[in-house]
Each structure stands twice: as structure tokens, then as C-alpha cells.
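I opened the model and kept these notes as I went. The entries follow the sequence of my own look-ups.

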Amino acid sequence: MTQLKQLSQAAALCALMAAGAAHAGEVEVLHWWTSGGEAKAATALKATLQKQGHTWKDFAVAGGGGDSAMTVLKSRVVSGNAPAAAQIKGPSLQEWAAEGVLTNVDAVAKAGKWDEVIPPVVANIMKYKGHYIAAPVNVHRVNWLWVNPEALKKAGTKLPTTWDEFFVTAEALKKAGIIPVAHGGQNWQDFTVFESVALGVGGVDFYKKALVQLDPATLTGPQMEKVLTTFKRIKDYTDKNAPGRDWNLATAMVIKGEAGMQLMGDWAKGEFIAAGKTPGKDFICAAAPGTQKSFTFNIDSFALFKLKNAANEKAQQDLATAIMSPEFQELFNLNKGSIPVRTGMKMDKFDDCAKQSAADFAADAKTGTLVPSIAHGMAVPAAAEGAMKDVVSQFWNSDKMTAKDAQTRLAAAAKSK
Ligand code: BGC
């Protein structure tokens with residue numbers, strides 16, 4: 001009798017385990033988070049998924065800005081081997097959804113009340129024909145200037161708030177033997193700097209017309225000429241080793257005081273934090289010159305691909321649920337340098353840069369001064385973005401191309417489909 005009971009208990013346990021195993025799935029996640037701060041944030045995502053009994057299959061493709069990751073993703077999808085989730089952003093989400101390869105996460109979104117907690121400007125990007133096809137993780141601000149205060153002190157100069165002041169500060173740093181601007185000469189980094197100059201020199205209306213609506217007259221007009229000329233002036237203040245340098249190595253130069261400033265989105269803050277630095281003390285985060293009253297947003301999100309295996313589908317839906325949970329939004333963004341995309345989150349554990357970003361995001365959403373980042377895939381279709389990015393880098397690298405030439409090429413590139 002006892003033996004029989006034990007046997008049936010064992011059988012019940014086996015059945016339970018089998019059910020558990022059938023339940024547990026694997027989620028392959030494509031991303032490009034490989035720098036110090038980024039990797040910490042990615043680990044938070046992995047841990048969140050593993051807590052639910054699922055397996056994380058890492059599919060990291062190094063390369064800031066994600067261009068390499070997108071190339072690899074295309075070949076995987078074309079060969080019928082899509083990952084469960086991939087870091088895809090902005091209008092590209094719509095392009096992928098139109099291919100019919102993304103899955104619908106409306107059920108998860110409904111259960112998690114996403115419509116109530118995701119700001120409409122973000123929700124629209126996550127939906128295709130009214131259905132959720134991606135889960136947002138954060139809001140990055142791109143128009144930041146990262147500064148080493150010790151370097152400013154050594155050079156006897158101050159934090160610049162306008163582009164004129166920026167060049168005065170850069171000149172002072174140069175005289176003091178400090179590299180004024182830490183830069184990595186890769187096309188997406190050139191484009192990141194360019195969009196902050198465009199916003200600061202041209203203002204919000206100009207930015208929207210030129211870099212969101214791609215208006216040919218604005219792209220070839222006098223304000224764009226001024227933007228390009230100002231942008232190119234920055235190159236004189238970068239070092240000779242800039243070409244090809246990764247963005248996080250440029251940030252490290254500011255962290256160490258080898259360089260004074262860097263124009264980069266707030267994933268750079270993740271590097272300062274990972275290095276144990278404190279904002280306001282060891283480093284300063286300030287709006288890029290002339291952009292104090294505006295905000296270029298860059299939202300990281302995971303698109304979810306159609307899968308064939310039920311357990312993996314379940315794991316994928318669980319990942320989407322977890323991404324929008326308040327616990328994950330806090331932990332992830334504390335490491336990533338961004339702010340939670342979920343509204344109504346407590347910000348008490350966040351630093352002053354994040355608090356400022358959250359306040360500005362809300363204020364700029366109200367005043368219409370919140371603009372999508374073109375350099376980070378939020379503003380225009382991928383083809384136009386890629387072609388314009390190349391023109392901007394060619395201009396940056398060329399000794400011969402005039403701003404006028406670059407403008408003509410930009411307007412042509414904007415028509416790429
Ligand atoms: C992404 C960030 C990432 C950065 C550098 C941006 O396009 O949105 O998440 O940290 O590129 O790789």
C-alpha cells in the first residue's frame with residue numbers, strides 16, 4: 001500500500017515536472033548592448049526572464065547604434081530563422097510588421113493595461129494597424145552634453161549653454177592640453193552629434209521640418225548651411241584617434257579627464273555609473289548647447305517575431321509582460337542611463353540626470369518640443385536615415401565637400417526608399 005502510494009506520488013511529481021518543462025520555453029533575444037552599462041542592463045532583462053523559469057538565449061551583435069545588429073537580423077529572418085525578440089525601433093517596427101513576421105501582443109498589453117501606462121507618443125510607435133507588436137523598455141534622451149568638471153576647472157572655463165560658448169570652452173580646454181571633445185568617428189556617432197547641433201542651432205521647428213518631414217527647401221536652406229558649418233567646426237576639437245573609436249571608449253576619455261566633453265545620448269550615463277561615478281560631482285549632464293527647452297527621444301523596444309513552438313511563444317509573451325512591469329522598468333533603467341517608459345513610476349532611486357530627463361520629457365510633450373531622434377531610428381524610414389547618415393559622415397570626413405554640396409546630397413538622400 002505504502003509502496004503504491006509512493007509510486008503514485010512519484011508519478012504525480014513526474015507529471016508536474018513534465019508540465020513545468022512544457023511550460024518553460026526559450027527566448028532568443030537580439031540586441032546590441034555590449035558596453036559596460038549596457039551589459040548590466042541586459043543582464044537585468046535576462047534575470048527577469050530566468051526568474052520565470054524560461055531560458056535566455058543571448059544574441060548580442062556588437063556595434064553602437066545597432067546597424068550591424070539590423071544587418072544580421074535581416075539575414076536571419078530571410079532564412080526563416082527569426083529570434084523570438086529583437087531590439088527594433090521607431091518606423092522600422094512598422095516596416096517589419098508590414099512584412100507579416102511580427103506577432104501580436106494585444107493580450108499581454110490588455111492584461112497589463114499598456115494603453116493606460118504608455119504615453120500615446122510611444123504607444124503609437126509600438127502598434128501596427130492598432131495592434132501591439134512590440135514592448136518598449138525605456139526613453140533615452142539624445143541631446144545631452146557630458147562634461148568632466150575637473151577638466152573645466154583645470155582649463156579655467158565653464159559649462160557651455162550655447163554653441164558660441166561651446167567653442168569658447170573647447171578652445172580653453174585645448175589650450176590646457178585636454179582633448180576638448182571625445183568623439184568616435186563612426187557614422188552613427190557623427191549623426192548623433194549632427195542632430196544635436198541641428199536642434200540647438202536651428203531650433204525645434206527647423207528640426208521637425210528638416211529631419212522629420214524631410215522638407216527639401218529646409219534641407220537646402222540657409223539654416224541647414226549654418227548647422228552643417230557649426231557641426232564641422234567641432235571636428236577641430238576632436239583628437240586624431242577619433243576615427244572608428246567606439247562611443248563607450250569616447251565616454252571613458254571623459255570619465256578619466258583625458259577629454260572634457262562628449263555629445264551623446266544618455267546611454268553614456270550608464271558608463272559613468274558603471275565606473276562608480278556620481279552625477280553633479282564626478283560628471284555633469286547638461287542639455288546639448290541651445291537645446292535646453294527641447295528633447296530628442298529615442299525609445300528602445302523589443303519586437304516580437306512569430307514563432308512555431310508553443311512553449312517558446314509562452315516564454316516570449318512572458319518576456320513582454322516582464323518588460324512593462326514596474327520592477328523591471330526601474331532596475332533596467334537605473335543601469336541603462338535612460339528613464340522608464342511607463343508613466344507614474346517613482347523616481348526616488350534615480351539620479352538627478354534621470355529626474356531632469358523625466359521632468360523635461362513630460363514638459364516637452366506638453367509644449368510640442370519633444371522630437372524623435374533621426375540618428376537613432378525614431379524619425380524617418382530606415383532607407384532615408386541610412387543615406388542621410390552617410391552624407392553627414394562624408395561631409396565630416398571630407399576636406400573638399402562644402403556645406404552647400406552636403407545640402408544637395410542630403411536632400412537627395414532624404415528621398416531614398
Ligand atoms: C540605443 C541604445 C544604445 C546605443 C548605443 C542606441 O541606438 O537606443 O540602447 O545603448 O544605441 O549602442
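Entry 1, strand pairing. I looked up strand S12 (residues 295–298) and found that S12 and S15 pair in the parallel sense over 3 bridges, where strands are DSSP runs of E with at least two residues, numbered from the N terminus, and two strands pair if DSSP finds at least two bridges between them. Within this pair, Phe-297 has Pro-372 in S15 as its bridge partner. The open sheet they belong to has 4 strands in the order S14-S7-S12-S15, with mixed pairing. Strand S14 (339–340) and strand S15 (370–372) stand at the edges with a single partner strand each, so one side of each is left without a neighbour in the sheet.

Entry 2, ground rules. I note that this is a predicted model, in which local features need pLDDT of at least 70 and side-chain atom pairs count only at pLDDT 80 or more, while totals for chains, interfaces and linings use all residues. Residues are numbered from 1 along each chain as its sequence is written, and side-chain values use heavy atoms, with hydrogens and water left out.

Entry 3, Arg-141. I found Arg-141 in strand S7 (residues 138–141), and asked whether Arg-141 is buried or exposed. Its relative accessibility is 0%, so Arg-141 counts as buried; the cut-offs are under 20% relative accessible area for buried, over 50% for exposed and partly exposed in between, with a 1.4 Å probe and protein chains only. The side chains of Arg-141 and Asn-143 are joined by a polar contact of 3.1 Å, meaning a pair of N or O atoms within 3.5 Å, of which, within protein, one must be able to donate a hydrogen and the other to accept it, residues adjacent in sequence counting only if both atoms are side-chain atoms. A polar atom of the Arg-141 side chain also lies 2.6 Å from the backbone oxygen of Ser-294. Leaving aside neighbours within four places in sequence, Arg-141 is in contact (heavy atoms within 4.5 Å) with residues including Asp-266, Gln-292, Asp-360 and Asp-364.

Entry 4, strand S8. Both faces of strand S8 (residues 144–147) are covered, with Trp-144 and Trp-146 buried on one side and Leu-145 and Val-147 buried on the other. S8 runs antiparallel to S11, joined by 4 bridges, and Val-147 has Ile-284 as its bridge partner there. S8 is also antiparallel to strand S10 (residues 259–263), with 3 bridges, and Trp-146 stands opposite Gln-262 in S10.

Entry 5, the disulfide. I counted 1 disulfide, the criterion being a pair of cysteine sulfur atoms within 2.5 Å. Cys-285 and Cys-353 form it, with their sulfur atoms 2.2 Å apart. Cys-285 lies in strand S11 (residues 284–287) and Cys-353 in helix H18 (residues 352–367), so the pair ties together parts that are 68 residues apart in sequence; helices are DSSP runs of H or I with at least four residues. Both Cys-285 and Cys-353 are buried.

Entry 6, cores. The largest nonpolar core has 63 residues, and Leu-73, Ile-88, Trp-114 and Phe-297 have the most contacts inside it; such a core is a set of buried Ala, Val, Leu, Ile, Met, Phe, Trp, Tyr and Cys residues joined through side-chain atoms within 4.5 Å. Domain 1 (26–140 + 298–355) and domain 2 (144–297 + 362–413) both give residues to this core, so it lies between them; the bounds come from an automatic or database domain assignment. Apart from this core lies another, of 52 residues, among them Ile-178, Leu-214, Leu-263 and Val-380.
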